[in-house]
Amino acid sequence: MSEQSIVEAALLGILEGLTEFIPVSSTGHILLAGHFMGFESTGKAFEVLIQLGAILAILSVYFARLWDMLMKLPSDRGTQNFVAGILIAFLPAAVIGALAHGFIKTVLFETPVLICIMLILGGFVLLWVDRRDVAPKYVDAGRFPLSVYFRIGLFQCLAMIPGVSRSGATIVGGLLLGADKRSAAELSFFLAMPTMAGAFAYDLFKNRDALSAADLPIIATGFVCAFFAAVLVVRRLLDFVSRRGYALFGWWRLIVGTLGLIALAIWG
């Protein structure tokens, strides 16, 4: 393990934390950055395992609300509906992710051109959805109908393709199904908890024999950096999208995807 590897892991961890909860595809950014930096991880595990930092970041920011929900869960119908909705939304990605894990990691994760194309396409979709002038049906992420949670969960499955963005897919799904901009983003936060935790646990299990003690400092570095960067984003994102919407992230995707294609054409 070299000093350069630690620095690269730190940079990728910061990138993970900054992009995980905004609709620009953290995995796409990390895979592209790793490609051009020449960073390789065992079984592509680093890219998934450092998400634990982002998971813990959102748990720390939402701890008081999660605790309140836990206390209300046995008796409050609204809380029961919300928890059931999150679990229902999580199920499609859990099933498809488990079935297609090998294809995702060995084919999709190894195709930087596809990542750039999906960043660009997703940018156009995000700009289009953001500009729609439609009165929202739902303004509280905890009070969607169960059928809406399930359909948003189907949208999340699109994020199996690197470059689509887990948060982007759920936010776009929420907006198309009648959520306002703030509640769509907040639902993506809550849905991230079981989805990312499940991906982390499954990837750790699948790579249990391939990972070694030498991988731990690199993963730990990325994890810590991802945690602190994600805390900053989670604390500010809802207010930002309430005021500004998602256009900035759409343009971000278009620029990064286009620059990525140009760089791939020049350097490969």
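Me: How much accessible surface does the protein have, and what share of it belongs to carbon and sulfur atoms?
Reply: This is a predicted model, and its values are computed. The accessible surface comes to about 12500 Å². The share that belongs to carbon and sulfur atoms is 69%.

Me: What percentage of the residues count as buried?
Reply: A residue is buried when its relative accessible area is under 20%. The protein has 268 residues. Of these, the part that counts as buried is 51%.

Me: How many helices and how many strands are there?
Reply: Follow the elements from the N terminus on: each one in the run is an α. The strand count is zero. The helix count is 13.

Me: Why is the protein said to be as compact as a globular protein of that length?
Reply: The globule rule gives 18 Å for 268 residues. The radius of gyration of the protein is close to that, so the protein is as compact as a globular protein of that length. Along its principal axes, the C-alpha trace spans about 50 × 40 × 35 Å. The radius of gyration itself is 18 Å.

Me: Among contacts between residues at least 6 apart in sequence, what percentage join residues at least 24 apart?
Reply: Contact means heavy atoms within 4.5 Å. Take the contacts between residues at least 6 apart in sequence. The part joining residues at least 24 apart is 84%.

Me: How far apart are the centres of the positive and negative side chains?
Reply: There are 20 positive side chains. There are 18 negative ones. The centres of the two sets are separated by 9 Å.

Me: Which residues touch the most other members of the largest nonpolar core?
Reply: That core holds 56 residues. Apart from it lies another core of 13 residues, including Leu108 and Met160. In the largest core, the residues touching the most other members are Phe21, Tyr246 and Phe249.

Me: Is Ala54 buried or exposed?
Reply: Ala54 sits in helix α4, residues 51–61. Beyond four places in sequence, its contacts include Glu16, Phe21 and Met196. Phe21 also has Ile58 and Leu237 among its contacts. The relative accessibility of Ala54 is 0%, so Ala54 counts as buried.

Me: What distance separates the C-alpha atoms of Ala54 and Thr19?
Reply: Along the chain, Ala54 and Thr19 are 35 residues apart. In space, their C-alpha atoms are separated by 9.8 Å.

Me: Which helix holds Thr79?
Reply: Thr79 counts as buried because its relative accessibility is 9%. Leaving out residues up to four places away, Thr79 touches Met69, Lys72 and Leu73. Its helix covers residues 77–99 and is α6.

Me: What is the relative accessible area of Leu114?
Reply: Leu114 is in helix α8, residues 112–131. Its contacts beyond four places in sequence are Leu108, Ile161 and Pro162. Partly exposed covers the range between under 20% and over 50%. Leu114 is partly exposed because its relative accessible area is 24%.

Me: How far apart in space are Leu254 and Gly122, C-alpha to C-alpha?
Reply: Leu254 lies in helix α13, residues 247–267. Leu254 is buried, with a relative accessible area of 9%. Among the residues it touches are Leu119, Gly123 and Phe124. Leu254 and Gly122 are 132 residues apart in sequence, and their distance in space is 8.1 Å.

Terms used
Residues numbered from 1 in each chain as written. Predicted model: local features only at pLDDT ≥ 70, side-chain atom pairs only at ≥ 80, totals over all residues. Heavy atoms only, no water. Core = buried A, V, L, I, M, F, W, Y, C linked by side-chain atoms within 4.5 Å. Buried < 20%, exposed > 50% of the residue type's maximum accessible area, 1.4 Å probe, protein only. Helix = DSSP H or I, 4+ residues; strand = E, 2+ residues; numbered from the N terminus. Rg over C-alpha atoms; globule rule 2.2 N^0.38 Å. Areas by Shrake-Rupley, 256 points an atom, 1.4 Å probe, with all protein chains shown as cover. Lys, Arg positive; Asp, Glu negative; His and termini not counted. Charge placed at Lys NZ, Arg CZ, Asp CG, Glu CD.
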